[in-house]
Amino acid sequence: MNMDSRAMEAVNSEQGRIWKRFKKQWMLHLFVGIGMIFLIVFSYTPMFGIIMAFKNYTISEGIIGIFTSEWVGLKHFDEFINDYQFGTIVRNTLALSLLKVLFTFPAPILLAILLNEVKNGAFKRFAQTVSYLPHFISWVVVVGISFAFLSTDIGLVNKALLRLGLIDMPLDILTNPDYFWGLAVGSAVWKEMGWWTIIFLAAITGINPSLYEAAKIDGAGRLARIRHITLPGMQGTIVVVLILTIGSILGGGLVGSNFEQAFLFGNSINNPTSEIVQTYAFKVGLKDGRFSYAAAIDLIQSVISVALIFSSNYIAKRISGSGLF
Amino acid sequence: MNQGKFKKTLTASVAVILVLSLLSACSGNGANSGNPQASDSGGGSAKGGEIEELSLFIDMPWYPVREWKGPVAEKITEMTGVKLNVTVATDDKQLPLMIASGDLPDLIFTYAQIDRLSDSKLSYPWNELIEKYAPDFKIDDTRIGIHTMDDGHFYTVRNSFATQAELEQNKYAVGSDGNPGIAVREDILKELGNPTIASLEDFTNVLAMVKEKYPDTVPLVMDKNWIEQYFIIQFGIDAYFENWYEQDGKIEYYLKHPKMLDFFKFMNSLYRNGYIQAENFAHANDLIDDQYATSGKAFAHSQTVSTADKDNIAINNDGGDFSFKMLPTALSKDAKVVGTGLGFAGTFITKNNKNPEKSIQFLQYLASDEGKKLTMFGVEGEHWTWNEEGYPNLKYDPSDADFVNSNGIKWWYLYNDGITEGMLGYKPGTQTTQALMELKEIKTSKPAVGMIQTKPDSSEKTIKTKIDDMIRNEKVKIYLAKTEEEAVQNYEALVKNAENIGLQKLTDWANQTYQEKKDLLK
């Protein structure tokens, strides 16, 4: 009896301490809690659905069918890999993603450095605003605008080039498969470059100005200062953004939107270069109602993405000493 | 002190509830699948005076009528005691998602999901409801045969269907807009000296003249949904794209038709000669071709039998001073159309229906002669009177979409047939009627071929979808080939691809199904 009550007391005081701490931090816990609920409900719970990639799920069975339908192993994976378009689709996805990272990743860094070197405050602000505004236009609208500029018979660009005598035939930029990757990369740079410049400009702002002053006294020119002070000062930010970019590379990297571009710019003529894994999964999944098959396709893509994020983190750690985790 | 604990419990329980509610959405499907009596206990007593409001989902995003109002709807409510609360789909993925989540309305009107909804887990079989609540609702054997599933039940009957015999008996049932046609500019034709167009060759010659004399005019613009059909007919090919045809009792896929290569070569020549634009195959919607036509930028416009009438109305409204006229429906002696259609869309009474009794009686009324005429032509006396010849004298122009839609004429054809619907197209003197009558002359009907329908989630369905998707992607390469040799190569590659996907297996299955099903129609 005595022993028991002493033990109870110890437990109580232990619990009391935790409660006291909890009470002090309850607001913080609330914030974390809401985030956790969000993740559990919208990110973790739906993950059960992945099992349908290994099953023969049909939508008329309802959600319960995800669990009750028959197992078919790797049938859907096999089917995708043996699809006549498999090679083309994977090539397009990788090519589009790599090209976008190659061009859209350095662009905002360059623009940030350029803007940083502008001494005229009004012009700098103007240039920054103009360059980040396209970020707020949705892809549907961007594609609509591009029709007005690029289509072969009403497009302004084609009309201007024809008038200037630079071309004899209108350029079929929107339909020719050879132009699609360029079109996608170009429009992505135009739309997102200014937005990502903001984060790099913030990194530059964090660099101690006395470094520049010292370099100037030592006789460093503008390019030397950029190379030896601005770039190293941005290194941490660049690495973090690069890792995030590579993690989402199959979605289009930091500018995202591989799906939107392939779906909206894509048509039956440029299909040989515009069909990517996501658009394909969307078509077979929702249009044909083959959820299992679509889940398998997306799962393959997710696995590649996870592999990419780990390897890029590993490489970043080896090279620069800093990584995301 | 208690506050923290309360919060924690609250958060935890909210999380659990959210997770549970996500998972339990599935039970909606099973919970309501009891027998009919269980869910309509109030139905019998509501018969007569009270008005039952039922929800209807229309699985067609383009549906022009979105509300249960206007004289036709009011009259139907008066006659049946049923009022509809209408929802029109936002896109073609909405209904599949509703089926998956078990969130179904009382009634569904669809053409795309007929096979999927013909399932005792999702819908009430009509035959059971008719036996129980509407014993005098008579449906003919052909229609029942077409819609009977492997479980012996039928769950809907499509509208817009007519048998060969029915069509022969009713010469005024000329058909509907859903048939191909090409309209050409009358004024340009006149300036060219009115050359006769009586064959495909004549037509391409005229296109060549247009291209030479009017370099800024597109010789031929095509609606994205009506690219092939008109020419398929002229080549005497028995089936449109994605359909089967029958030859000496054997079923083959359209792709294997002996004339198919000639057809592809012809389409390719249209492009190589500059009569059609490559961009035509990239049209994002079916309004772009209309704009070409009505703004005077195109000479010929390929779409449906009503193209000339529709374009002329639009040109008139814009104050244009030119007009279109239809080409003859048959431009060659080989021309033929084989109707394998089983009708257009059907209504389903879902397992969630709160009053199956009223629902089937509602459909029974729509299926009566009075109901069919009311939905198709409008209120008798107000909108039409019966001509003793055997067709309605309409007091309005059926091409006047605004009038038709605002009065709710035609679109409540949740149950109807090709004969009554076909009479709405009969308006003596219009180009549409003329084209439809020409079409009727070269048309034969083989509904048994239409009975070859792949079942949802079956391996045949997967093969067929894959082949169709593949052809949709690859056919453009044939049309837009730089030389005829390249076109032929691409065609051969296409056929080979289809065979790799499993065309032979699919054809075997189709033949087997055809043998099983064709007796159902006898």
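**Entry 1: chain A, the annotated span**

I began with residues 90-312 of chain A, where the end C-alpha atoms lie 20 Å apart and the span is 75% helix and 0% strand. I was working on a predicted model throughout. The reason for choosing this span was its record: an unreviewed UniProt entry gives residues 90-312 of chain A the annotation "domain: ABC transmembrane type-1".

The unreviewed UniProt entry also lists "transmembrane region" for residues 26-54, 94-115, 136-157, 193-212, 233-255 and 291-310 of chain A, and I looked up two of these stretches in the model. Residues 136-157 of chain A are 64% helix and 0% strand, with 23 Å between the end C-alpha atoms. For residues 193-212 of chain A I found 85% helix and 0% strand, the end C-alpha atoms being 26 Å apart.

**Entry 2: domains of both chains**

I noted next that chain A is divided into domain 1, residues 1-43, and domain 2, which is made of residues 59-139 + 178-320. Taken over C-alpha atoms, the centres of these two domains of chain A are separated by 41 Å.

For chain B I wrote down domain 1 as 31-168 + 343-423 and domain 2 as 180-304 + 454-521. Their centres, again taken over C-alpha atoms, are 33 Å apart, and the contact between them takes seven residues from domain 1 of chain B and seven residues from domain 2 of chain B.

**Entry 3: a helix pair in chain B**

I then turned to helix H14 (residues 260-272) and helix H23 (residues 459-479) of chain B, whose axes come within 8 Å and cross at roughly 60°. On the H14(B) side I listed Phe263(B), Phe264(B), Met267(B), Asn268(B) and Tyr271(B), which meet Lys475(B), Ile478(B) and Tyr479(B) in H23(B). Sorted by class, this contact of H14(B) with H23(B) has six nonpolar, one polar and one charged residues.

**Entry 4: Asn407(B)**

My last look was at Asn407(B), which lies in the loop between helix H19 (401-406) and helix H20 (418-424) of chain B. Is Asn407(B) buried or exposed? Its relative accessible area is 13%, so I entered Asn407(B) as buried, the cut-off for that word being under 20%.

I also checked what surrounds this residue. A polar atom of the side chain of Asn407(B) lies 3.0 Å from the backbone oxygen of Phe403(B). Once neighbours within four places in sequence are left aside, Asn407(B) is in contact with Gly70(B), Pro71(B), Val72(B) and His383(B).

Note on methods. Residues numbered from 1 in each chain as written. Chains lettered and ligands numbered in written order. Predicted model: local features only at pLDDT ≥ 70, side-chain atom pairs only at ≥ 80, totals over all residues. Heavy atoms only, no water. Axes fitted to C-alpha atoms, helices over the stretch in contact; angles between N-to-C directions. Helix = DSSP H or I, 4+ residues; strand = E, 2+ residues; numbered from the N terminus. Contact = heavy atoms within 4.5 Å. Nonpolar A, V, L, I, M, F, W, Y, C, P; charged D, E, K, R; others polar. Domains from an automatic or database assignment. UniProt positions renumbered as here; feature names shortened; annotations may be inferred. Buried < 20%, exposed > 50% of the residue type's maximum accessible area, 1.4 Å probe, protein only. Polar contact = N/O pair within 3.5 Å; in protein donor to acceptor, adjacent residues only side chain to side chain.
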